[in-house]
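Dear colleague,

I am passing on the structure we spoke about, and below it I have set out what a search for charged pairs turned up. Please read the notes with the coordinates open beside you.

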Amino acid sequence: MQKSEGKSTTIVEEPNIEKKERECECYCGEKEISAEELKEMVIAMRKATFDDAGENFYKWNKDNLFTAGHEQFTDKSYSKFAEVLNKTFTKYDITSCIRKIHFLAQCYHETGAFMRSVEGSSKDKFWYDPYRGRGFIHLTLSGNYKKFKDDSGYDVITNPKIVSTDIEAAAKSSGWYWKYNDMGNINPFADQDSIFDTSRLVNKPNATKSSSINGYNQRVNAVNALKTVFKYPQSCCNLGKKDEAKEKTPCPSGLKECICLDAFTIEDGFIKHSRVTKNHVIVIEQTNFKDSKSSIQKIILHRTAGGTTQACINAFKSGRKNKKEGIDHYGTHFIVGKDGVITQTANLSKVTWHCAGWNSKSVGIEVVGFAIDKNGKPTLGLKGQNPVVGWEDLTDEQAKSVACLVKALLNYYSLDKSKIDCHEHLAPKEKGEGQIVFNAIKDYL
């Protein structure tokens with residue numbers, strides 16, 4: 001206190017009032033959407049979207065849920081609807097306002113304004129039956145049904161109608177597709193508030209313009225209606241705040257500065273990092289990726305048939321004779337030696353031939369090591385040689401380096417661990433080639 005002239009000093013203590021931050025009232029984080037709030041959202045979207053006659057969907061459907069279609073949920077109350085959505089948000093990282101807005105808007109359009117849980121009518125015949133579109137984001141085709149079965153445990157292969165009659169399965173299948181579809185996690189595009197990209201990845205992944213996407217204007221109107229209900233962005237707690245520093249996952253190699261801990265830089269297509277050595281083998285570069293980042297859908301694990309990194313590089317350079325007596329050059333973007341040294345051999349903007357059917361959509365990693373015969377001796381399994389019965393184990397240093405590299409690439413391409421694959425799972429190759437690599441690194445990922 002400032003001393004007044006002619007008066008003694010008075011000491012005034014501030015009352016000990018505990019300061020509390022305003023609790024977050026938006027739908028970020030763990031805050032769940034209630035049944036009444038969900039009803040408000042559905043009504044808002046129906047009033048903002050219109051049928052071919054120009055009537056908004058609220059006029060015909062009011063606040064009713066899933067009353068159309070020849071396959072229907074047994075429980076279609078708003079309370080159950082909210083319950084399964086909140087579980088799905090948590091399980092599949094749909095944990096911010098903007099992610100929930102985009103997810104709900106896409107589900108809304110895919111289900112015909114939350115009225116249908118199945119594609120078409122009972123009289124329609126589709127070439128992909130019985131695996132027609134079902135759920136909130138229509139799960140379609142046998143391959144996706146199989147992958148969802150493996151993820152969820154629901155036997156939707158034997159009984160695909162589970163997805164259109166069990167509302168929890170419908171929600172989970174949609175969350176699974178949102179995060180794990182073959183084109184990659186949709187959450188990052190929602191984070192960018194890109195209606196075009198979230199719509200494209202749900203409806204037509206290869207679309208280059210909005211006019212190619214079914215019901216694009218309805219999807220836009222649904223997103224905007226939800227932003228009004230969510231009071232986004234003005235009331236969103238996540239906006240305008242700096243992200244808290246996240247504790248780094250320790251490097252499996254025990255290094256303080258590792259490629260798996262921090263975002264690396266790219267210079268002329270090559271990683272600039274102390275953990276990566278450049279040895280450019282230009283001859284293996286075939287063409288450009290359509291997009292150097294978004295084109296990549298998988299990280300594919302391979303095993304060399306040689307004992308050193310240099311032997312692998314020599315094989316890349318020499319190539320193989322083709323039927324026309326010419327030379328074809330195969331190779332991967334990276335090689336990891338038994339000593340754990342990571343070598344980059346190709347520009348990350350360039351396609352290399354390493355896995356038939358996936359060359360233009362993946363990056364490959366060769367892991368140095370021999371195929372072995374029944375006696376544990378190196379073999380190529382060629383004519384006159386013993387057949388391949390297994391593969392040499394990775395060294396400890398090698399396994400840790402491969403894990404570091406895979407983690408770094410997944411982060412760079414915004415992919416999750418489900419996008420790691422093995423050569424022999426995607427194209428004809430010796431059994432166990434990539435699997436022994438994955439088994440060696442999985443505990444480090």
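When the whole structure is searched, 20 salt bridges are found; please bear in mind that this is a predicted model. I describe three of the pairs below, together with a network and some values for the chain as a whole.

The first pair to look at is Glu168 with Lys87, which form a salt bridge whose closest N and O atoms are 3.8 Å apart. Because Glu168 lies in helix H7 (residues 167–180) and Lys87 in helix H3 (residues 78–91), this pair ties together parts that are 81 residues apart in sequence. Lys87 has a relative accessible area of 43% and is therefore partly exposed. Both residues also belong to a network of salt bridges that links Lys80, Glu83, Lys87, Glu168 and Lys172.

Next comes Arg99, which forms a salt bridge with Asp191, the closest N and O atoms lying 2.8 Å apart. Here too distant parts of the chain are linked, since Arg99 sits in helix H4 (residues 97–110) and Asp191 in helix H8 (residues 187–191), 92 residues apart. As for accessibility, Arg99 counts as buried at a relative value of 17%, the cut-off for that class being under 20%, whereas Asp191 is partly exposed with a relative accessible area of 40%.

The remaining pair I would point out is Lys338 with Glu392, whose side chains meet in a salt bridge at 3.0 Å, N to O. Lys338 is in the loop between strand S8 (334–336) and strand S9 (342–344), and Glu392 is in the loop between strand S13 (390–391) and helix H12 (396–412), so that the pair links distant parts of the chain, 54 residues apart. Lys338 is partly exposed, with a relative accessible area of 27%, and Glu392 is likewise partly exposed, at 24%.

As for the chain as a whole, the protein has 14 helices and 14 strands, and its C-alpha atoms fill a box of roughly 90 × 90 × 40 Å along the principal axes. Of its 445 residues, 47% count as buried, and the accessible surface comes to about 23,600 Å², of which 47% belongs to carbon and sulfur atoms. Among contacts with a separation of 6 or more, 65% are between residues 24 or more positions apart. Finally, the chain carries 64 positive and 57 negative charges, and the mean positions of these two sets are 4 Å apart.

With best regards

How values were computed
Residues are numbered from 1 along each chain as its sequence is written. This is a predicted model: local features need pLDDT of at least 70, side-chain atom pairs count only at pLDDT 80 or more; totals for chains, interfaces and linings use all residues. Side-chain values use heavy atoms; hydrogens and water are left out. A salt bridge is a side-chain nitrogen of Lys or Arg within 4 Å of a carboxyl oxygen of Asp or Glu. Helices (H or I, at least four residues) and strands (E, at least two) are DSSP runs, numbered from the N terminus. Buried means under 20% relative accessible area, exposed over 50%, partly exposed in between (1.4 Å probe, protein chains only). Contact means heavy atoms within 4.5 Å. Accessible areas come from the Shrake-Rupley method with a 1.4 Å probe; for residues, only the protein chains shown count as cover. Lys and Arg count as positive and Asp and Glu as negative; His and the chain ends are not counted. The place of a charge is taken as NZ of Lys, CZ of Arg, CG of Asp or CD of Glu.
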